[in-house]
Amino acid sequence: MTRPLSGIRVLEVGQYIAAPYCAMTLADQGAEVIKVERSGTGDPRRHYDPLYEKDGRSMSGGFIGYNRNKQSVSINLATPEGVELFRLLSDTADVIVENLHPGAMAKYGIAYDDLKTTNPGLIYCAISGFGRLAGHEGPYSGQRAFDATVQAMSGFASVVGQPGGEPTLGSAAMADIYTGLAGATAIGFALVGRATTGHGTFIDQAMYDTMVSLVERPLLLHALTGYVPKPGVDLYSPLGIIGAKDGSITLVLPTELMWQRFCNALGRDDLVADPRLSTTLQRAERFHDLIKPEAEKWTLLRTRDELIAEFDAVGLPVGSIQTIDEVFGAEHVQSRRIRFDIEDPSIGTVPSVRTPMLYSDYDLPAREAPPTLGQHNREIYGDGLGLSADELERLEAAGVI
């Protein structure tokens, strides 16, 4: 089957979510991804609940969503032989993706500067919480970080939540996943650049950078006005959540035309003439205490679908707040082939969500289950690197693989 990255080999020295999602994005686009894991334990996310066991095989529900379409080899980098084995693997790679603690790979002598001497075309993507590229370090560089850490320190959590409420973390590992996607994009750019220049590069993909880019608008507004945004409130654009008979919808009214369309749909021309709501800034300030309660006199008598139909008919974009079970069964999700099934030997049929790219002239991603720890040791070390069966047995006995 043909995919954009067919023929590209990626080594993933990843754990938890950000680097595994980045590498899975590349795997979905046809790259051969070899997940290099610690001997004996592997990626810590292999042990997250819910756990499933069948016929001596174990799989974590927290692992399966970020590791499909990969191969796995195990290696002990704390041994000289393990380091040498990794060097041999890296010489065959186009890309390395890792999210170990900054300095971990350098400690073993297998950081980018070490590896590029024998593989000058190597593209090395280092994902970290706060960045590590020389000359771009800041006071947070070197600090350990999880998704929630970066959501908090980037300012993102400070603008999420209900009006008047506390700062709120966005769920679903969004800092990890967005950083993984940004890393995959940077790798794609670097592969195009290598085709022109012939050399690779080091990619410093910081979770902090990616999340700060998501709050670009609040940062710009603060720079221009001094205003510090609060959870759920945008003083420069009327927006918010409005109740319906069976849930809620979201609404944004950034222009005079959309405000008039909204009032016309409600049959409330009096709101158009209300001097308290004559400008966009006034409407933004009064959205929650004036516009919302007036609108809900009408919207709470209608379902979400009815509201979407009525607002759409007058050219006003609105969205229904759907619960996860509604999204899971949504016809649009099926039509877009966003959700598909993977057959895993431990769990059976497992629903999975594709990475968000579609192409007209390439095949859809493969549907291979995540590998068990070290599942491909013999194939990659033996057939790939030429190690004999006796040598593989010796390395296994010594705890190297």
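This passage describes the sheets, helix packing and internal cavity of a predicted model.

A good place to begin is the six-stranded sheet. Its strands follow the order β5-β2-β1-β6-β7-β8, and they pair in the parallel sense to give an open sheet. Strands β5 (70-75) and β8 (201-206) stand at the edges with a single partner strand each, so one side of each has no neighbour in the sheet. From one strand to the next, the twist averages 20°. In general, the strands of a sheet pair through backbone hydrogen bonds, in either a parallel or an antiparallel manner. Within this sheet, four bridges link strand β1 (residues 9-13) to strand β2 (residues 32-38), again in the parallel sense. One pair to look for is Glu-12 with its bridge partner in β2, Lys-35.

Helices also pack on this sheet. Helix α3 (residues 80-90) touches β1, β2, β5 and β6 (95-98), and its direction makes about 150° with that of β1. Helix α17 (residues 377-384) lies across β2 and β5, running at about 80° to β5.

A further open sheet is built from three strands in the order β9-β10-β11, and here the pairing is antiparallel. Its edges are formed by β9 (239-244) and β11 (318-320); each has a single partner strand, so one side of each is left without a neighbour. Neighbouring strands in this sheet are turned against each other by 25° on average, direction ignored. Strand β10 (residues 247-252) is joined to β11 by three bridges, and Thr-250 has Gly-319 in β11 as its bridge partner. Helix α14 (residues 304-313) lies across β9, β10 and β11, at about 25° to β10.

Helices pack against each other too. Helix α7 (residues 174-197) meets helix α8 (residues 207-214) at an angle of about 100°, and their axes are 9 Å apart. This angle makes α7 roughly perpendicular to α8. On the α7 side, the contact involves Met-174, Ala-175, Asp-176, Tyr-178, Thr-179 and Ala-182, while α8 contributes Met-207, Thr-210, Met-211, Ser-213 and Leu-214. By class, seven residues of this contact are nonpolar, three are polar and one is charged.

Finally, there is the space inside the protein. The count comes to one cavity of 30 Å³ or more, and the largest cavity holds about 50 Å³ of space. Its lining consists of Arg-337, Phe-340, Arg-354, Leu-364, Pro-365 and Arg-367. Three of the lining residues are nonpolar and three are charged, with no polar residue among them.

Terms used. Residues are numbered from 1 along each chain as its sequence is written. This is a predicted model: local features need pLDDT of at least 70, side-chain atom pairs count only at pLDDT 80 or more; totals for chains, interfaces and linings use all residues. Side-chain values use heavy atoms; hydrogens and water are left out. Axes are lines fitted to C-alpha atoms, for helices over the stretch in contact, and angles run from 0 to 180 degrees between N-to-C directions. Helices (H or I, at least four residues) and strands (E, at least two) are DSSP runs, numbered from the N terminus. Angles under 35 degrees count as roughly parallel, over 145 as roughly antiparallel, 65 to 115 as roughly perpendicular and the rest as oblique. Contact means heavy atoms within 4.5 Å. Ala, Val, Leu, Ile, Met, Phe, Trp, Tyr, Cys and Pro count as nonpolar, Asp, Glu, Lys and Arg as charged, and the others, Gly among them, as polar. On a 1 Å grid over the protein atoms alone, a cavity is a set of points where a 1.4 Å probe fits but cannot get out, and a pocket is an open set with protein on both sides within 12 Å along at least five of seven lines; lining residues have an atom within 4 Å of a point. Grid points are joined across faces, edges and corners, and a volume is the space filled by probe spheres set on the points. Two strands pair if DSSP finds at least two bridges between them.
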